[in-house]
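Good morning, colleagues. Please take a moment with the sequence and the structure before I begin.

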Amino acid sequence: MSVSASSRAIRCALEWTSITLPQRLSRRGCTALSSPPRPSWCLWGPFSKRHSSSSSRSSGSSGYGYRDGSSEGPAKDKLRIVPFKMNIQQAEEVFQKYHGHSFFSAKAGQVDKVEALYIPFWAASGSVRSKVINAQVGWDRLVTRYNKVTKQNETSWETQWKSVQTQHEFTHTYPSTIPDLQVYASYKYRRGFVNQIRSSTSILDAKTLTPADMESNDPEDKRRGLRNRGLDPFTLKPSIALKFVRTAIEEAEVRTAEQWLIEAYRCDRARILSMDFQYNGLVLAPVYMPVFVFSIQHLNRTFRTFVQAHDPTGLAGGLRFYSWQRISAATAICAIAGLTFLGSARTGLGMTSGFWLGVVAPSLLVAWSVLYYPILDYRIRDWWRQRFEEEQRREDWNENQQYQSSYGSGSSSSGRAGPPGDPMGYYNVLGVSKDASVQEIQSAFRGLAMKWHPDRFSTPEEKAVGKKKFQEITAAYSVLRDPKKRKSYDMNGRG
């Protein structure tokens with residue numbers, strides 16, 4: 001890769017990181033704090049936020065204020081990378097060790113491709129002041145009670161709970177070296193596997209990105225065709241990364257508060273904490289981590305293993321494979337030993353039936369499960385993620401309905417003629433075709449609602465435009481999401 005090509009790659013990465021961050025973010029049941037007008041997001045400036053959570057914590061207000069007055073995007077010298085310290089041969093040793101960690105591990109199958117990449121992360125740091133408002137503390141006690149069924153006195157452990165109120169406060173500082181505060185800033189790979197390569201020490205060696213970092217001078221890398229290094233773009237917005245960061249910090253604060261309650265009240269456990277969080281100087285920084293990505297073929301499916309190319313401890317992430325031959329053989333041996341120990345009299349099986357039902361069938365079932373385990377694992381993860389996203393979409397819809405009632409339900413699109421077949425312009429407003437599916441309509445509405453929500457703007461003029469556009473989007477979606485209203489609209493132009 002030439003120097004000019006490397007410079008173009010760096011410029012491209014800088015353009016990708018210039019993602020607009022909303023001037024104010026709001027959450028369900030929360031009111032955003034005011035912030036000065038700012039056309040682009042503050043890359044290195046601190047975020048100020050006060051948040052009181054609900055359910056297990058008290059309800060309150062939430063918002064963000066930007067104290068950095070700069071209106072420019074990220075400067076070139078603020079984009080950091082962690083340099084490569086491994087070559088491909090060293091990465092392969094970590095790869096083989098990762099996939100051969102136990103007797104039942106299977107050596108990874110055919111490695112289809114190896115890539116040397118810089119993977120984007122948002123690294124967060126800052127401090128938080130937490131206040132414990134109320135909670136429940138419990139003491140474990142041995143209690144003896146008469147059981148009417150067994151007609152005996154039975155002793156068991158029970159927890160006696162008591163509600164307490166306190167105004168205890170504590171402040172903690174969270175540096176970016178904490179792995180949980182390093183958020184994978186892309187959607188290209190599965191987040192759960194990439195998170196395994198986060199390091200508490202590598203980020204300390206981050207430096208300014210230069211064209212020389214895009215090429216490897218190692219002879220082994222050049223021989224294997226890995227001289228040029230890729231640079232993945234930042235596609236995860238800073239506002240989304242902040243949600244991951246806040247979740248990690250608040251979970252840590254809750255654990256600290258639980259430990260304090262146990263020590264202060266000399267109890268055995270604590271639960272249902274109501275807390276208030278005040279963030280100070282929460283900063284996001286874009287950092288690239290060096291990674292070797294191994295693409296593995298298994299049952300005509302591609303699986304990836306990530307080897308962090310800086311940390312000397314050999315960090316790796318990805319789905320592990322297990323030997324179905326060894327595991328099924330161990331299952332058969334255990335089954336034969338169990339049948340021999342129990343005997344046919346206890347199992348009620350003859351020699352032939354005991355062999356097929358007690359040995360062969362379990363071994364085949366285990367072998368099949370282990371062989372197809374990677375695919376099953378992926379499908380279960382995908383099903384769980386889709387279920388979570390569907391719940392999130394329902395929450396967003398309820399939230400948008402609340403905002404609609406707050407800002408008025410009238411639609412500015414009413415009375416405005418649309419194209420033939422779309423008299424009110426509903427399909428045009430959402431940017432979908434007349435034969436679009438319900439999922440496509442939901443996806444279009446969700447993106448537009450987030451884009452034009454009035455709380456994303458700061459000036460009165462921008463708010464007015466956003467409010468008008470948001471009402472149009474909500475009115476269109478309220479008709480097109482309902483099959484009966486949509487059919488009526490398509491037939492006579494009325495929802």
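I start with a term: a residue is called exposed when its relative accessible area is over 50%, buried when that area is under 20%, and partly exposed in between. The model on the screen is a predicted one. Cys-334 has a relative accessible area of 55%, and therefore counts as exposed. Cys-267, by contrast, has a relative accessibility of 6%, so this residue is classed as buried. How many disulfides does the structure hold? The number is zero. As a reminder, a disulfide is a covalent bond between the sulfur atoms of two cysteines.

Let me turn to the chain as a whole. The protein chain contains 12 helices and 11 strands. Of its 495 residues, 43% are buried. If we consider contacts between residues at least 6 apart in sequence, 75% of them join residues at least 24 apart. The exposed area of the protein chain is about 26300 Å², of which carbon and sulfur atoms supply 53%.

Next, the interior. Which residues touch the most other members of the largest nonpolar core? They are Phe-292, Phe-306 and Val-307, in a core of 77 residues. Strand S9, which spans residues 269-298, gives this core its largest share, namely 15 residues. Phe-306 deserves a closer description. Setting aside neighbours within four places in sequence, Phe-306 has contacts that include Ile-119, Tyr-189, Phe-193, Val-194 and Ile-197. Its partners also include Val-291, Phe-292 and Val-293, as well as Leu-315, Ala-316 and Gly-317. Another core, of 19 residues, lies apart from the one just described; Val-429, Val-432, Phe-445 and Phe-470 are among its members.

I now move to the surface. Leu-299, Trp-368, Tyr-372, Leu-376 and Ile-380 together make a nonpolar surface patch of about 460 Å². Within this group, Leu-376 belongs to helix H8, residues 373-407. Is Leu-376 buried, partly exposed or exposed? Its relative accessible area is 35%, so Leu-376 is partly exposed.

My last residue is Gly-447, which is located in helix H10, residues 438-452. With a relative accessible area of 41%, Gly-447 is likewise partly exposed. Along the chain, Gly-447 and Leu-430 are 17 residues apart, and 9.5 Å separates their C-alpha atoms.

To close, I return to the two cysteines: Cys-267 is buried, whereas Cys-334 is exposed. Thank you for your attention.

How values were computed:
Residues numbered from 1 in each chain as written. Predicted model: local features only at pLDDT ≥ 70, side-chain atom pairs only at ≥ 80, totals over all residues. Heavy atoms only, no water. Disulfide = S-S within 2.5 Å. Buried < 20%, exposed > 50% of the residue type's maximum accessible area, 1.4 Å probe, protein only. Patch = residues over 30% accessible without salt bridge, like charges linked within 9 Å, V, L, I, M, F, W, Y side chains within 5 Å. Areas by Shrake-Rupley, 256 points an atom, 1.4 Å probe, with all protein chains shown as cover. Salt bridge = Lys/Arg side-chain N within 4 Å of Asp/Glu carboxyl O. Helix = DSSP H or I, 4+ residues; strand = E, 2+ residues; numbered from the N terminus. Contact = heavy atoms within 4.5 Å. Core = buried A, V, L, I, M, F, W, Y, C linked by side-chain atoms within 4.5 Å.
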